[in-house]
Amino acid sequence: MILTHFNPELPVTLACDASPYGLGAVISYRYPNGSDRPIAFASRSLAPAEKNYSQIDKEALGIIWGIKKFHSYLYGRKFKLITDHQPLIYIFNSEKGVSVTASARLQRYSLFLSGYEYEIEFRGTAKHANADSLSRLPLKSTEVDTSLKMVESFHIAQMEAIPVSNKQVQQETRNDRVLGLITTFTQDGWNTIHKDGEYAPYYSRRNELTVHQGCLMWGVRVIIPSKLRSQVLGQIHEGHLGVVKMKALARSFVWWPGIDQDIEKLAKACNGCQQNQNSPKGAPLNAWEWPSKPWDRVHIDFAGPFLGSMFLIMVDAHSKWPEVIKMKNITSESTINVLRTIFSRNGIPSRIVSDNGPQFTSQEFENFMQLNGI
Ligand SMILES: [Zn+2]
């Protein structure tokens, strides 16, 4: 076999194939007489997890890997994608767009492929010999695709965050009469017989449903089978966050038809949640600007009673210097006396900030402030 040099004038073909243990790809030029002459070859072994893929997923993986491998030859130009796997021709048909019923993995692959301009072409195994034999005699390396791994681990993280194990969800999804059917529809296609009644909430979301490790997902949320719902609800209820926060918490991880109503019912019947529901929103914090010099602005308040005494606390906003004075009583008169001693030591501040307690709003106190020019 003779390799040829790169020639941007000639049409490019990429042939990909997968065997039970490896992937192979050949990038070639198509000469005017119809013959393909290879530019480069590549092959790799399947990682253990990839060996468990269905054949169609393996073939699809081969295409994605081949395109990534030869990205610099393919990106931004038209090329022919050649596979010996007939179903992929329909699934990855760039003109039709991705079928919404394709598996989550194939959907992600299609999304990746949408970045390229290609026509997909079927070629029987006999003519597909190059890529086919490469996939059967792969190089030892596996170089698992990290971006796809990240997607997988995101789904796994979503499942780990919920209070039931993905094994449980998997099993109960299978056992659940409705979810079992929905799983089949999601994988094999929907029919209009099952679009009403208990199927309606799923039917209306059918384009957003995927199956991941035997669990149904709506977007990023795991669909909880009916048997596990009260358990998950119990977990969401922990902490008595009130109906709004519970809904928000649920929304990031789980879903089932009527989950919002279930949460509302739960919160209504619970005293703890009612209290949280009614507590007012915290006032927004008003940040004071930092004064440029010490003793420019001081904050004043009383603390206590502590061990039978009250304390006047004064803090300089610039240096955080505290003055803490034990007081027998907290009348305006004794407050003024204490301030006199502090001011005689530290000078008179430009501003005093208080909570407008009665000591700080009395006529006496205001006269004292005016006298000091504060
Ligand atoms: Zn509660």
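**Exercise 1. Work out which residues of α8 meet which residues of α11, and describe how the two helices pack.**

Step 1: pick out the contacts, meaning heavy atoms within 4.5 Å. Gln168, Val169 and Glu172 on the α8 side meet Lys227, Leu228 and Gln231 on the α11 side. Helices here are DSSP runs of H or I with at least four residues, strands are runs of E with at least two, and both are numbered from the N terminus.

Before going on, a word on the model: it is predicted, so local features need pLDDT of at least 70 and side-chain atom pairs count only at pLDDT 80 or more, while totals for chains, interfaces and linings use all residues. Residues are numbered from 1 along each chain as its sequence is written, and side-chain values use heavy atoms, with hydrogens and water left out.

Step 2: sort the contact residues by class. They divide into two nonpolar, two polar and two charged. (Ala, Val, Leu, Ile, Met, Phe, Trp, Tyr, Cys and Pro count as nonpolar; Asp, Glu, Lys and Arg as charged; the others, Gly among them, as polar.)

Step 3: get the geometry. Two packed helices are described by the angle between their axes and the distance between the axes. For α8 (residues 166–175) and α11 (residues 226–237), the axes come within 9 Å and cross at roughly 145°. (Axes are lines fitted to C-alpha atoms, for helices over the stretch in contact, and angles run from 0 to 180 degrees between N-to-C directions.)

**Exercise 2. Do the same for α12 and α13, then find the largest cavity and its lining.**

Step 1: α12 (residues 243–251) and α13 (residues 259–268) have axes that come within 10 Å and cross at roughly 145°. The crossing is right-handed (the near helix is turned clockwise from the far one by less than a right angle; anticlockwise would be left-handed).

Step 2: from α12, the contact takes in Val243, Met246, Lys247, Ala250 and Arg251, and from α13 Ile259, Asp260, Ile263, Glu264, Leu266 and Ala267. That set holds seven nonpolar, no polar and four charged residues.

Step 3: look for empty space. A cavity is a set of points on a 1 Å grid over the protein atoms alone where a 1.4 Å probe fits but cannot get out; lining residues have an atom within 4 Å of a point. Grid points are joined across faces, edges and corners, and a volume is the space filled by probe spheres set on the points. The count comes to one cavity of 30 Å³ or more, and the largest has a volume of about 30 Å³.

Step 4: list the lining. Arg221, Lys247, Ala250, Arg251, Val254, Ile259, Asp260 and Ile263 do the job. By class that's four nonpolar, no polar and four charged, with α12 and α13 each supplying at least two of the residues.

**Exercise 3. Describe the sheet with the order β12-β11-β10-β13.**

Step 1: it's an open sheet of four strands with mixed pairing (two strands pair if DSSP finds at least two bridges between them). β12 (322–327) and β13 (351–353) stand at the edges with a single partner strand each, so one side of each has no neighbour in the sheet. On average, neighbouring strands are turned by 25° against each other, direction ignored.

Step 2: zoom in on one pair. β11 (residues 309–316) runs antiparallel to β12 over six bridges, and phenylalanine 311 has lysine 326 in β12 as its bridge partner.

Step 3: add the helix. α15 (residues 332–346) lies across β10 (297–306), β11, β12 and β13, at about 145° to β12.

Step 4: check the backbone. The glycine 304 to proline 305 peptide bond is cis, with omega near 5°, and proline 305 sits in β10. In the loop between β10 and β11, leucine 307 has phi near 50°, a positive value in a residue other than glycine.

How values were computed. On a 1 Å grid over the protein atoms alone, a cavity is a set of points where a 1.4 Å probe fits but cannot get out, and a pocket is an open set with protein on both sides within 12 Å along at least five of seven lines; lining residues have an atom within 4 Å of a point.
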